[in-house]
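Biologist: Could you take me through this protein slowly, one question at a time, and give the reasoning before each answer?

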Amino acid sequence: MKLSLASIALLLAFCAASVPGAWASVGHSFRDCKEFLYKGTPPQGVKDESLKAICQRYDNSPRFVTLYDPKMRIPVYSAYTFKKSDGEKRVNYPWMYEPQLSSSSGTSNMIPLPQENSDPHIEENQAVLQDYADAVLYERGPLNPDKHQADPADKAATYTLTNIVPQIKDFYNGHWDSYLDSIRQRLNNYCNGKAYIITGVTTSGNVIRRQNVDRVGIPKYIWSAYCCPSFDSNAPYEVRYKFPTFAAYGLNELVNNYVVEVSPRKLEHLLKREMDVDQNFQLFYRDCISDI
């Protein structure tokens, strides 16, 4: 029996969709990873069309999503679902990269970075370990932190440089780390259902340079917001008013780098001033008011 060209094309498409890891993980939308976004909806109003939507896949499973800036070689934001955890950090995972930012790879999974000489094709559109080697002021700061995940594979997936931005060491290990832990405890104790978190950055043009070449954008602000529609209505007032949604930001600087908790609306006002977004910019669908 002979198959038509249309039938062959349909069969090939079916086969590709049936093979684990065969899906494209980089594109212009998060349609294959909507489960990490409240109501399946990413922040609205981001204007830069050169940004890449990454479905961050590890071990053939989607783990979270990232909107990535290949020019600055940093994520604009990562969005993930919070998993109740003890906050333990794991540091024995290899650092990874996204192969489909560099080529039309046969895999949609993140891949461990070369330990020594990096591939020029990788360096073109994303950061590599060598970019951070002499950046003594900065830590490799995850937007989706492993302490907000519980499963070892979910933790491992946070160790991709497409989830990493340069953070001042004192800020990363001090005020920001304390904030992340306070959110972990708050959601552990008072969020009854799924919690959605978006963590991102704004930039001001400063960069990490390597061999006299601009390589990695340095965030001015680090910001975060969560949405937990189902929560404990009997929580103490000082906690209850921070549900179903609340937000925070901090200066990624050596001084004045304390973290300020604010309403998502106030954070959106800040981001409209600091980012390339329009006046309808919104972090969560309908402001995370209802889970209906």
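Modeller: What follows is a set of questions and answers on confidence, overall make-up, core, sheet and salt bridges.

Biologist: What is the mean pLDDT of the protein, and which residues stay under 50?

Modeller: This is a predicted model, and the predictor's confidence in each residue runs from 0 to 100. In the protein, 89% of the residues reach 70 or more, and the mean pLDDT is 89. The stretch where pLDDT stays under 50, for which the model has nine contacts beyond four places in sequence, is residues 1–22.

Biologist: How many helices and strands does the protein have, and what share of its residues is buried?

Modeller: The secondary structure comes to eight helices and 14 strands. A residue counts as buried when its relative accessible area is under 20%. Of the 292 residues in the protein, the buried share is 50%.

Biologist: Among contacts between residues at least 6 apart in sequence, what percentage join residues at least 24 apart?

Modeller: Here we take the contacts in the protein between residues at least 6 apart in sequence, and then ask which of them join residues at least 24 apart. That share comes to 68%.

Biologist: Which residues touch the most other members of the largest nonpolar core, and which helix gives the most to this core?

Modeller: The largest nonpolar core holds 46 residues, and those touching the most other members are Leu 113 and Leu 187. The element that gives the most to this core, with five residues, spans residues 175–190 and is helix H6.

Biologist: Which residues does Leu 187 touch, not counting residues up to four places away in sequence?

Modeller: Once residues up to four places away in sequence are set aside, the list for Leu 187 still includes Phe 82 and Lys 84. The other residues that Leu 187 touches are Ala 195, Ile 197, Tyr 226, Cys 228 and Phe 243.

Biologist: In what order do the eight strands of the open sheet stand, and which strands are at its edges?

Modeller: The order is E1-E3-E4-E5-E10-E11-E12-E13, and the pairing is antiparallel. Two strands have a single partner strand each, so one side of each is left without a neighbour in the sheet, and these edge strands are E1 (26–27) and E13.

Biologist: What is the bridge partner of Gly 27 in E3?

Modeller: Strands E1 and E3 run antiparallel and are joined by two bridges. For Gly 27, the bridge partner in E3 is Ala 53.

Biologist: How many residues apart in sequence are the parts that the pair of Lys 71 and Asp 48 ties together?

Modeller: Lys 71 forms a salt bridge with Asp 48, and their closest N and O atoms are 3.6 Å apart. Lys 71 is exposed, with a relative accessible area of 52%, whereas Asp 48 is partly exposed at 26%. Lys 71 lies in the loop between strands E4 (61–69) and E5 (74–82), and Asp 48 in the loop between strands E2 (44–46) and E3 (52–58), so the parts tied together by this pair are apart in sequence by 23 residues.

Biologist: Is Lys 242, the salt-bridge partner of Glu 261, buried or exposed?

Modeller: The closest N and O atoms of Glu 261 and Lys 242 are 3.3 Å apart. Glu 261 lies in strand E13 (residues 259–262) and Lys 242 in the loop between helix H7 (237–240) and strand E12 (245–251), so the pair ties together parts that are 19 residues apart in sequence. Glu 261 is partly exposed at 28% relative accessible area, whereas Lys 242, at 13% relative accessibility, counts as buried.

Terms used: Residues numbered from 1 in each chain as written. Predicted model: local features only at pLDDT ≥ 70, side-chain atom pairs only at ≥ 80, totals over all residues. Heavy atoms only, no water. Core = buried A, V, L, I, M, F, W, Y, C linked by side-chain atoms within 4.5 Å. Buried < 20%, exposed > 50% of the residue type's maximum accessible area, 1.4 Å probe, protein only. Helix = DSSP H or I, 4+ residues; strand = E, 2+ residues; numbered from the N terminus. Contact = heavy atoms within 4.5 Å. Salt bridge = Lys/Arg side-chain N within 4 Å of Asp/Glu carboxyl O. Pairing = 2+ DSSP bridges.
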